[in-house]
Amino acid sequence: MSQASDSLKLFATLLVAWILLSGSIAFDVVAVGVAAALFITLISQNSLSAFSGLRALPQSFGASLGYVGFFLSELVRANLRMAKIVLDPALPIRPAIVRARTELTHPVARLLLANSITLTPGTLSVEIKDEWLYVHWVVAEGTDNETATREIVEGFERYLKVMYG
Amino acid sequence: MTDGPLELIGALVVLAGAAFLFLGGLGLFRMPDIYNRIQAGTKATTLGTLLVMLGVGIIMPGWLPKLILVILFVLFTNPLSSQVLARAAHRAGIAPVLGTLADRLAEDKGDQS
Amino acid sequence: MVEAILIIAAILAGLGFLLAFARFVMAPHAVDRVVAFDGLTIISMSAIVLIALLMGRVVYLDVALVYALLSFLGVIVIARYLEKGE
């Protein structure tokens, strides 16, 4: 059941991407798009997509919106902070590679977490091993696991936990 | 191109994006080691690209669908490639710059061997 | 006015490109070079879209998209290769 609905979501996403890309809803254009999307959906039935495991609950929809909003505001803050550092003649950095623990188990949720960490305030995921994320931190506020987990992971994890359970 | 208020706003958004692209280049140039360079390079350039695309979309609303695709693509691939590069750097044995406070990954690798 | 602002933006992005290129040339390690290359391609992607706007050609958007796709694949493949060797 969930396999079928994942495939359906993948098919719909591909078709929307195709229509955005071709910028036309003429019959022949859409027909080619349907064929291509169907083909890709069929050959990737057993692989993961961003939808596998995303829970179809009202609160998970809300969490997705909250996640996107939180992510965008963090992205802007990250850039302003980084701009200040790069423009400062003294280059005030305190780099460290720290460990942060995540409670997420779903692979897609972990991928989104690692991606979000990479795009936000001075942090870059270097490696994931089991529940540990190794993160490079440009201005480290501490090198112990607890500080790193609190400062880096928890903000995003809140939303992802609801989205992927 | 006409000089309406919408075009002006779009052009200013493009300008802000270009400023971030410049900062990304500056970060790549100034940062002392590869990890900090990846940080400066990916963050500034992602927001920079996003703003440039958005600004162009404001000036040319008809181009928006394709620009949104480009934005989504950049948002997903940019962090992925920086992560893969950071991991490659660490596995290839490139040490962080002197003065780095801690390298837990190197410590844990040492434990296992 | 609008065109003047766009040209200033293009010059700013061009300066960023030059700085990234300097890093590309002076890279101490192969992975550093790939990082600089990644920065270069992202900046040039925006440059292509700006050129599309200034010349009024929508086709260049497809060029930017394919360019981004190819450079992403290239970076991933080279990074996977470099993490084994050296």
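Helices here are DSSP runs of H or I with at least four residues, numbered from the N terminus. With that in hand, select chain C of this predicted model and follow the chain from the N terminus, where the elements run α-α-α; chain C has 3 helices and 0 strands. The radius of gyration of chain C is 15 Å, well over the 12 Å that the globule rule gives for 86 residues, so chain C is more spread out than a compact globule. If you reduce the display to the C-alpha trace, chain C spans about 50 × 25 × 10 Å along its principal axes.

Colour chain C by accessibility next: 47% of its 86 residues count as buried, and of the roughly 4200 Å² that chain C exposes, carbon and sulfur atoms supply 77%. Among the contacts in chain C with a separation of 6 or more, 46% join residues 24 or more positions apart. Showing the charged side chains brings up 5 positive and 6 negative ones, with the centres of the two sets 5 Å apart.

Now keep chain C on screen and add chain B, so as to look at the contact between them. Chain B brings 46 residues to this contact and chain C brings 49, while the area buried between the two chains is about 4300 Å², with 81% of that area given by carbon and sulfur atoms. On the side of chain B, pick B:Phe29, B:Trp63 and B:Leu85, which lose the most area to chain C and together make up 15% of what that side buries.

Hide chain C and stay with chain B, which holds 4 helices and 0 strands in the order α-α-α-α along the sequence. Its radius of gyration is 19 Å, well over the 13 Å that the globule rule gives for 113 residues, so chain B is also more spread out than a compact globule. The C-alpha trace of chain B spans about 65 × 25 × 15 Å along the principal axes. Buried residues make up 63% of the 113 residues in chain B, and 66% of the contacts with a separation of 6 or more are between residues 24 or more positions apart.

For the last stop, move to chain A and select A:Leu91, in the loop between helix 3 (58-87) and strand 1 (96-101). Most residues other than glycine have a negative phi. A:Leu91, although not a glycine, has a positive phi of about 50°. Is this residue, A:Leu91, buried or exposed? The relative accessible area of A:Leu91 is 16%, and because buried means under 20%, A:Leu91 is buried.

Note on methods:
Residues numbered from 1 in each chain as written. Chains lettered and ligands numbered in written order. Predicted model: local features only at pLDDT ≥ 70, side-chain atom pairs only at ≥ 80, totals over all residues. Heavy atoms only, no water. Helix = DSSP H or I, 4+ residues; strand = E, 2+ residues; numbered from the N terminus. Rg over C-alpha atoms; globule rule 2.2 N^0.38 Å. Buried < 20%, exposed > 50% of the residue type's maximum accessible area, 1.4 Å probe, protein only. Contact = heavy atoms within 4.5 Å. Buried area = accessible area lost by both parts, 1.4 Å probe. Areas by Shrake-Rupley, 256 points an atom, 1.4 Å probe, with all protein chains shown as cover. Lys, Arg positive; Asp, Glu negative; His and termini not counted. Charge placed at Lys NZ, Arg CZ, Asp CG, Glu CD.
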